[in-house]
Amino acid sequence: MMDTTMNHLIFCFSVFLVVYAQLVNGQSVGVVIENESPITGLTGADIKLVCTPDQAGANLTWSFKGGDAIVNNDKYDVTNTATKSTLIIKNAQLSDNGEYSCNSARSSARVTVNLSLDANITIEDVKGGFHLAKDTTMQCVTDNPNTSLTWSKNGEDLAKGKNDLNGDGVDDLEVNDQNQIVLLSADPVLAGDYTCTVDLGSTTKSVSKTIAGDLIVYAQKSIKVSEGEDGSMECRATSVPAATITWFVNGTKVTSGEKYEVKTKDAPAEPDMVIGTLTVMDVSLDDGRPVNYTCSATNGVYTEEEVVILRIRDRLAALWPFIGIVSEVIILIIIILIHEACTKGEDIGEVEDDEEDHLLQKNRSITRDGERETRMRGTNN
């Protein structure tokens with residue numbers, strides 16, 4: 001009985017040692033590739049694959065289509081750490097499509113790369129310069145002939161042939177076999193964003209252009225505001241499609257904050273008009289010298305600008321006329337007082353001169369009387 005128990009314990013211990021050795025050597029390590037399969041995209045980009053083991057420190061390798069382990073070279077970059085292994089496929093091409101495996105000693109995980117050939121795609125102006133007018137024509141062009149092209153307007157697909165956009169029974173545009181869109185009228189319903197999408201197989205690529213009508217922008221040339229008040233200026237833009245208004249101060253775009261408040265609203269009586277308002281908070285003299293406040297409006301095709309001058313009135317501006325009048329009165333009073341003082345001095349001098357003349361005449365009279373008496377006495381003797 002004792003021998004049986006001992007043998008059983010020895011067997012269990014042996015099994016434990018074997019399992020432990022396998023775990024230490026990574027023979028039962030599981031791996032997971034973090035990327036979702038399949039990996040899609042366009043050729044020419046780098047593809048990054050990441051594999052993680054369920055046991056740190058495991059020895060991981062990568063392989064392509066069941067081949068030999070991938071090593072670092074001009075095509076691949078393999079980086080291993082204790083917690084993950086990373087494979088970067090440089091400048092991936094169609095030849096790199098296929099299955100990639102992340103391998104441990106007894107486990108592996110797989111991911112498929114399915115890239116599409118990249119294509120350049122543009123919308124060219126054939127006629128009309130993307131202006132909302134009859135016969136305006138634009139064409140979608142790609143350098144990848146093995147693709148299909150589709151058109152949409154404001155997110156709604158356009159069918160090949162003629163399209164009635166507003167349901168009035170009149171065709172508004174045509175999508176022809178040359179991947180062109182031709183406007184059949186100048187109806188405002190035709191204004192908007194047109195998108196050409198190319199199907200590259202595993203992915204798509206798109207480009208957009210805007211068809212727009214004339215853009216009319218109006219703003220006050222200047223506004224007056226007193227120092228310390230808030231100064232608001234308004235800009236109106238009329239266009240189909242609706243314009244976007246942006247404000248600039250000395251060439252720098254401004255948004256709502258501590259110094260400025262920017263608002264945009266639709267004009268209630270004008271469905272094609274947008275009103276933009278810029279408010280300068282707590283205006284100081286520095287806000288008006290010299291500062292250019294510019295309203296810039298765009299409808300995707302045209303851009304128009306208007307410059308507004310902010311004229312700042314000093315806080316004491318209302319007092320200056322009163323101060324001027326008081327100053328004039330004071331100056332006039334001073335002149336009058338000076339004049340009176342000078343005139344009084346002249347009068348005093350004249351009185352003194354009159355008294356001197358009177359005394360002189362009196363003395364002369366006395367002298368003449370004395371001489372007369374002297375002559376008379378001489379005669380009598």
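Is Phe 64 buried or exposed at 19% relative accessibility? I opened my notebook with this one, and Phe 64 counts as buried, because its 19% falls under the 20% cut-off. A reminder to myself before going on: this is a predicted model.

**Entry 1: the aromatic pair**

I searched for paired rings, and the count came to one aromatic pair. The partners are Phe 64 and Tyr 100, with ring centres 4.4 Å apart and planes at 25°, so I noted the pair as stacked. I then looked up where each ring sits: Phe 64 belongs to strand 4 (residues 61–64), while Tyr 100 belongs to strand 7 (residues 98–103). The two residues are 36 apart, and the pair links distant parts of the chain. Tyr 100 is buried, with a relative accessible area of 0%.

**Entry 2: the disulfides**

Next I turned to the cysteines. How many disulfides does the structure hold? I found three disulfides. Counting bonded cysteines along the chain, I wrote down the pattern 1-2, 3-4, 5-6.

I began with Cys 51 and Cys 102, which are joined by a disulfide with an S to S distance of 2.0 Å. Cys 51 lies in strand 3 (residues 47–53) and Cys 102 in strand 7, so this pair ties together parts that are 51 residues apart in sequence. Strand 7 was already in my notes, as the strand of Tyr 100. The torsion about the S-S bond of Cys 51 and Cys 102 is about -80°, so I recorded a left-handed disulfide. Both Cys 51 and Cys 102 are buried.

I went on to Cys 140 and Cys 196, whose sulfur atoms are 1.8 Å apart in their disulfide. Here Cys 140 sits in strand 10 (residues 137–142) and Cys 196 in strand 16 (residues 192–199). They are 56 residues apart, and the pair links distant parts of the chain. With a torsion of about -80° about the S-S bond, the disulfide of Cys 140 and Cys 196 is left-handed. I checked burial too, and both Cys 140 and Cys 196 are buried.

That left Cys 235 and Cys 295, joined by a disulfide with S to S at 1.9 Å. Cys 235 lies in strand 20 (residues 231–238) and Cys 295 in strand 25, so the pair ties together parts 60 residues apart in sequence. The S-S torsion of Cys 235 and Cys 295 is about -70°, so this disulfide is left-handed. Cys 235 is buried, with a relative accessible area of 0%, and Cys 295 is buried with a relative accessible area of 0%.

I also looked up Cys 342. Its relative accessible area is 49%, so I put it down as partly exposed, since exposed needs over 50%.

**Entry 3: the salt bridges**

My search of the whole structure found seven salt bridges. I wrote up some of them, including the one between Lys 205 and Asp 118.

The side chains of Lys 205 and Asp 118 meet at 3.2 Å, N to O. Which parts of the chain does this pair link? Lys 205 is in strand 17 (residues 204–211), and Asp 118 is in the loop between strand 8 (108–116) and strand 9 (121–127), 87 residues apart. Lys 205 is partly exposed at a relative accessible area of 25%, and Asp 118 is partly exposed at 30%.

Then I looked at Asp 287 and Lys 259, which form a salt bridge with their closest N and O atoms 2.9 Å apart. Both ends sit in loops: Asp 287 between strand 24 (273–280) and strand 25 (293–298), Lys 259 between strand 22 (252–253) and strand 23 (260–266). The two residues are 28 apart, and the pair links distant parts of the chain. Is Asp 287 buried or exposed? I found Asp 287 buried, with a relative accessible area of 9%, whereas Lys 259 counts as partly exposed at 28%.

My last lookup was Glu 261 with Lys 263, whose side chains meet in a salt bridge at 3.9 Å, N to O. This pair still counts because 3.9 Å is within the 4 Å cut-off. Glu 261 is partly exposed, with a relative accessible area of 29%.

Notes
Residues are numbered from 1 along each chain as its sequence is written. This is a predicted model: local features need pLDDT of at least 70, side-chain atom pairs count only at pLDDT 80 or more; totals for chains, interfaces and linings use all residues. Side-chain values use heavy atoms; hydrogens and water are left out. Helices (H or I, at least four residues) and strands (E, at least two) are DSSP runs, numbered from the N terminus. Buried means under 20% relative accessible area, exposed over 50%, partly exposed in between (1.4 Å probe, protein chains only). Rings of Phe, Tyr and Trp (its six-membered ring) pair if their centres lie within 6.5 Å; planes under 30 degrees apart count as stacked, over 60 as edge-to-face and the rest as tilted. A disulfide is a pair of cysteine sulfur atoms within 2.5 Å.
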